[in-house]
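Me: Could you take a close look at one part of this model for me? I'm in my first year, so plain talk is welcome.

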Amino acid sequence: MSKPSKKGVFSKIMRYIGRYKYLLALSVLFAAVSAILTLLVPVFIGDAIDLIVSKGKVDFAGIGSILLKIGVVISVTAILQWLMNIFNNRITFNVVRDIRNEAFKRTQILPLSYIDTHPHGETVSRIIADVDQFADGLLMGLTQLFTGVITILGTLVFMLLIDVRITLVVVLLTPLSMLVAKFITTRTYSMFQKQSEIRGEQTGFIEEMVGNQKVVKAFSHEDENLEKFGEINDQLEKCTLKATFFSSLTNPGTRFVNSLVYAGVALVGALLAANGAITVGALTCFLSYANQYAKPFNEISGVITEFNNALVCANRVFELIEQQPEIPDDVNATELNDVYGKVDLDSVYFSYTPEQKLIENLNLSVKPGMRVAIVGPTGCGKTTLINLLMRFYDVTGGEISVDGKPILTLTRKSLRKNYGMVLQETWLCEGTVRDNIAFGKPDATDEEIVAAAKAAHAHSFIKRLENGYNTVLGEDGGNLSQGQKQLLCIARVMLCLPPMLILDEATSSIDTRTEQRIQKAFSTMMEGRTSFIVAHRLSTIMEADIILVMKDGNIIEQGSHDELIEKNGFYAKMYESQFI
Amino acid sequence: MFKLLRFMKGYRKESILGPFFKMLEVVFELMVPLIVANIVDIGIKGDNTAYIFKMSLLLVLFGLIGLSSTLAAQYFAAKAAVGFASKVRFALFEHIGRLSYTELDTVGTSTLITRMTSDINQVQQGVNLTLRLFLRSPFIVFGALIMAFTVDAKAALWFVVVIPILSVVVFGIMLISIPLYKKVQSGLDRVVGLTRSELSGARVVRAFCTENREVGEFEERNNTLTETQKFVGRISALMNPLTYVIINLAVIALIYTGAIRVETGIITQGAVIALYNYMSQILVELIKLANLIINITKSVASGNRIQSVFEIESDQTERENAIVSADAGTIEFKNVSLKYKGAAENSLQNITFSVKKGETVGIIGGTGSGKSTLVNMIPRFYDSSEGELLIGGVDVKEWDTEALREKIAVVPQKAVLFKGTIRENILWGNENATDDDIYSALKTAQALDIVMKKDNKLDHLIEQSGRNLSGGQRQRLTIARALVKKPQILILDDSSSALDYATDSALRKAIAESTDGMTVFIVSQRASSVMNADKIIVLDDGEAVGIGTHDELLATCDIYSEIYHSQFKKVVEK
């Protein structure tokens with residue numbers, strides 16, 4: 001992926017912020033006013049101090065009116081600051097919400113190939129962590145960047161109004177503090193990189209070894225691991241110490257420069273005051289400016305780093321949001337209704353990547369109500385076939401049609417609605433058992449739901465759950481066993497009962513008893529429906545009307561069980577191997 | 001948390017010197033307003049240019065001393081914190097290595113990983129910050145207070161009023177917002193949960209065409225999160241304006257009091273300036289302190305979590321004079337029952353059988369019937385709660401655990417490989433194996449073709465957790481890893497589930513041929529995998545419902561024939 005310009009990302013962000021432009025304008029205005037008012041306070045205090053000269057020479061009336069002015073100014077400032085903070089919060093969190101919604105919506109229309117090829121954790125981190133990081137940067141930018149700039153300019157103007165010479169001292173010395181800060185950060189950058197590299201290595205090691213501690217123990221490998229861990233740990237200690245120490249120098253360094261500025265102002269200012277060129281109050285005012293002048297500079301450099309970071313993160317989210325979605329349905333696409341269940345594959349070609357050919361010239365004709373068993377070793381393309389039938393992926397050549405209608409001319413929704421799908425991974429949504437069964441038909445009545453559960457042989461175990469149909473399942477099914485989850489998935493399909501079925505017969509992790517129940521449920525469901533079954537069990541295979549034997553993406557044999565045994569090919573070999 | 005401080009032992013010097021130098025820095029910082037007051041009162045009022053020069057130089061000097069003490073403080077703090085964390089990490093890793101299967105089950109490995117990584121980092125940061133800053137802020141706040149009193153006791157009373165008010169505001173806002181931040185976090189968790197679940201269920205969602213509903217649900221959760229965030233934001237937004245008002249009101253009061261005191265000639269103009277400066281120093285430090293406290297609270301919580309791992313003691317004890325060497329070929333279960341920690345019922349109930357050297361034992365049964373539990377007891381991953389288990393005629397608890405495990409090779413259900421070359425992975429089984437040994441193990445494990453297809457053969461790099469290999473390839477390599485050990489007992493715990501029938505049977509045949517005298521346990525759900533074993537144990541709900549050969553069981557054991565027939569239905573009729 002080409003590196004997008006910062007400007008491009010920035011203008012995209014502005015599109016989101018643009019929705020809140022009035023809030024933003026107010027926030028900027030308030031920031032400017034409160035920054036200037038804040039700068040006025042030291043001036044007033046300087047004035048007040050000038051009225052407190054010495055014993056008997058105190059102008060109480062003057063002080064009183066100045067103090068009143070200070071009171072008004074700080075009250076106004078505080079209110080403006082508060083409002084500004086609230087506005088900034090609102091802008092930031094709303095923008096974040098909008099971006100997240102947009103990103104999530106995009107995940108719903110992305111082609112499945114994106115979801116299959118990108119680790120889910122990475123996509124989640126784009127939607128969550130990156131957006132959070134971006135929010136931090138944005139909030140900081142909003143609150144500090146503008147205020148910082150106004151403060152710097154305002155201070156400069158105020159200082160110039162009081163005395164040019166002292167201003168020069170401040171202006172000349174302050175950049176030193178930024179230089180120091182910059183010097184330290186560039187020096188420590190490589191140390192931090194080293195640190196995170198070694199830390200990454202260590203984390204990887206920990207995840208691997210602690211995560212598989214049982215294997216480690218089975219091979220009595222604890223001592224070897226400890227030794228290796230010790231080595232990495234020592235390395236980490238060394239470079240962490242360096243990185244931590246050197247990076248912690250920034251604050252003292254800039255503080256020292258600040259004290260130089262302070263001393264410089266004190267010197268020049270005091271000499272001038274002694275000559276009567278400025279008042280003591282003006283000196284006080286200068287000293288407090290000198291104390292604070294470096295702060296916005298450091299803040300701004302912090303904001304800039306943070307903001308750069310935020311741009312990178314924003315860009316990662318935008319990459320997701322701008323990801324090419326599934327090719328939309330054809331404008332003339334028709335709804336698929338009243339399906340008989342005739343499915344034809346006509347010289348179908350498909351591969352996930354152009355370099356690696358998978359399905360080539362696949363032909364198949366399935367009559368309504370037929371049971372098609374798909375068998376073959378792992379990775380032979382069984383799942384791919386399902387992907388193509390459901391249009392999770394589109395063929396690269398040839399045509400698939402249902403009832404004689406090419407599926408590319410149908411709306412995806414209507415095509416998918418006509419298939420009932422039970423996969424090996426039993427995915428359930430967060431919610432009650434009822435919600436899960438009614439997943440495809442949210443307006444189903446209780447009677448319908450119970451009937452579906454009964455048909456799926458799930459009713460009896462659901463009844464035994466603490467809250468029956470109202471039992472809340474956590475993320476991914478919670479405490480249900482694999483078999484129970486599978487039964488719920490079947491009930492889910494049972495409720496809609498579409499005219500065609502796709503079943504991935506999952507037997508590896510289910511006990512025999514439950515398996516038999518699932519089998520019964522499957523049979524009920526398949527009655528009179530065109531079914532594609534990724535089959536693992538011999539009995540299913542033998543009951544099928546047609547068996548597709550797949551290997552390396554090709555259907556190498558097809559026919560009924562007897563025909564295939566007769567043929568004495570790959571299938572016959574697989575079949576016999578069970579009896580060795 | 002405080003128990004963890006034992007790891008600070010070697011850093012006593014650092015942990016005293018760090019704060020000490022920090023204090024030094026503060027002392028010099030607190031002198032500055034006094035010097036300025038003197039500049040005003042003596043230098044300016046007395047038109048004493050030399051004094052002004054001298055004092056300005058003093059300011060620079062103090063700055064320098066402050067800088068060097070800070071550097072020293074930072075160094076000692078970093079050294080102590082990093083060294084401490086490093087020691088904790090090492091000790092924790094060692095401790096985790098000593099935990100038994102039971103403890104690993106109870107704690108969960110993902111928890112342990114978090115303790116090892118983010119929790120320790122948090123503690124390191126906490127210790128560092130504590131040593132560096134925890135004393136600085138109070139020093140400055142109370143130092144400023146004391147200095148104010150030395151300037152003028154009456155005016156300093158304002159400090160006594162302001163410090164508590166400021167503390168209440170700063171800490172109050174924090175106390176109110178911390179639980180709210182937790183709410184934000186849980187709102188975020190809900191958003192993360194939905195996103196993750198939606199990605200893994202993308203096929204189902206699309207098959208049922210419920211995309212719009214998912215988007216609606218997401219927007220709702222997202223909105224709740226945003227509202228909570230804005231609410232917390234409104235509260236924390238009070239912090240700056242409120243403290244700003246308070247401190248400036250105090251300044252107003254201070255100046256007014258100062259004016260009265262100067263009028264009566266008790267203090268000078270410079271003293272008023274000094275008081276004003278001290279007041280300004282307080283605010284910054286209080287806010288820093290509050291942030292620091294949050295950070296330390298987090299660290300203490302992390303520290304406690306780490307300590308709780310240290311407190312897990314292994315429940316398996318080694319006998320003194322444990323038996324190191326004996327022939328391990330024969331195995332005898334005598335009325336063995338096992339109840340997992342925290343479980344309500346026994347996972348294994350009254351198991352009795354014996355195995356002769358060189359026999360092959362098949363174990364079959366449904367999920368949760370106790371198959372893995374049974375074989376996991378042989379290398380003493382779990383101890384029996386009742387009955388005894390004899391290996392080579394010796395009670396497993398009398399064995400030296402390491403020596404026992406040397407004689408047993410396990411191929412676990414989950415095929416795990418580690419980052420490194422294929423060779424390194426196989427050598428886990430036996431570090432002295434030659435390449436010939438490795439190749440012959442690979443051949444038996446039906447894994448030779450995997451290696452031969454790779455350009456670098458045995459030097460082919462396997463990624464973390466073996467993710468660049470398919471499930472079936474990983475299983476075969478883990479079998480090779482076990483075989484290279486040339487164990488007396490080989491346990492295959494459902495370790496051919498990802499293999500197709502043909503490979504599975506070739507594998508069993510090869511193992512039977514090449515492992516003369518080796519006792520083999522095959523755990524499986526497939527009748528075809530165990531039917532040729534010398535002895536088949538049929539487990540149902542933790543009980544052995546049948547022990548015997550295939551033919552015997554077919555005739556006598558209902559469950560076995562049920563399993564068999566469900567997998568070979570019509571074949572038998574033919």
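Reply: Let's start with strand β3 of chain A, residues 371-375, which pairs with strand β10 of chain A, residues 530-534, in the parallel sense over four bridges. Keep in mind as we go that this is a predicted model. To find a spot where the two strands meet, look for A:Ala373, which stands opposite A:Ile533 in β10(A).

β3(A) has another partner too: four bridges join β3(A) to β11(A), and these two strands run parallel. Here the spot to look for is A:Val372, which stands opposite A:Ile546 in β11(A).

Now zoom out a little. β3 belongs to an open sheet of six strands in chain A, and if you walk across it you meet them in the order β6-β9-β10-β3-β11-β12, with mixed pairing. At the edges stand β6 (419-422) and β12 (554-559) of chain A; each has a single partner strand, so one side of each is left without a neighbour in the sheet. On average, neighbouring strands of this sheet are turned by 15° against each other, ignoring direction.

So is β3(A) mostly covered or left open? It's mostly covered: five of its five residues are buried. You can sort those residues by the way they point. A:Arg371, A:Ala373 and A:Val375 point one way from β3(A), A:Val372 and A:Ile374 point the other way, and all are buried.

What lies across this strand? One answer is helix α11 of chain A, residues 382-389, which lies across β3, β9 (500-504), β10 and β11 (546-551) of chain A. Against β10(A), the helix runs at about 150°.

Follow α11(A) and you get to another sheet, since the helix also lies across β1, β2 and β4 of chain A, running at about 115° to β1(A). That second sheet is open as well, with four strands of chain A in the order β2-β1-β4-β5 and antiparallel pairing. Its edges are β2 (359-366) and β5 (405-406) of chain A, each with a single partner strand, so one side of each has no neighbour in the sheet. Inside it, five bridges join strand β1 (residues 343-350) of chain A to strand β4 (residues 397-402) of chain A, and the two run antiparallel. If you'd like one pair to click on, the bridge partner of A:Asp344 in β4(A) is A:Ser401.

Where does all this sit in the chain? The domain assignment splits chain A into domain 1 (1-161 + 303-326), domain 2 (164-277) and domain 3 (369-393 + 413-577). The C-alpha centres of domain 2 and domain 3 of chain A lie 57 Å apart.

Last, a quick look at the partner chain. The contact takes 121 residues from chain A and 128 residues from chain B. On chain A's side, helix α3 (residues 60-109) gives the largest share, 24 residues. By type, the residues on that side divide into 60 nonpolar, 41 polar and 20 charged.

Chain B is also where to look for the residues that touch the most other members of the largest nonpolar core, which has 110 residues: B:Ala81, B:Val88, B:Ile363, B:Ala480, B:Ile491 and B:Phe521. The largest share of this core, 14 residues, comes from helix α2 (residues 49-98) of chain B. Leaving aside neighbours within four places in sequence, B:Ile491 is in contact with B:Val375, B:Ile378, B:Ile408, B:Val410, B:Val411 and B:Phe521.

How values were computed. Residues are numbered from 1 along each chain as its sequence is written. Chains are lettered from A and ligands numbered from 1 in the order in which they are written. This is a predicted model: local features need pLDDT of at least 70, side-chain atom pairs count only at pLDDT 80 or more; totals for chains, interfaces and linings use all residues. Two strands pair if DSSP finds at least two bridges between them. Axes are lines fitted to C-alpha atoms, for helices over the stretch in contact, and angles run from 0 to 180 degrees between N-to-C directions. Two residues are in contact if their C-beta atoms, placed from the backbone, lie within 7 Å. A residue is buried if 20 or more other C-beta atoms lie within 10 Å of its own, exposed if 12 or fewer, and partly exposed in between; C-beta atoms are placed from the backbone. Domain bounds come from an automatic or database domain assignment. A nonpolar core is a set of buried Ala, Val, Leu, Ile, Met, Phe, Trp, Tyr and Cys residues joined through C-beta atoms within 7 Å. Ala, Val, Leu, Ile, Met, Phe, Trp, Tyr, Cys and Pro count as nonpolar, Asp, Glu, Lys and Arg as charged, and the others, Gly among them, as polar.
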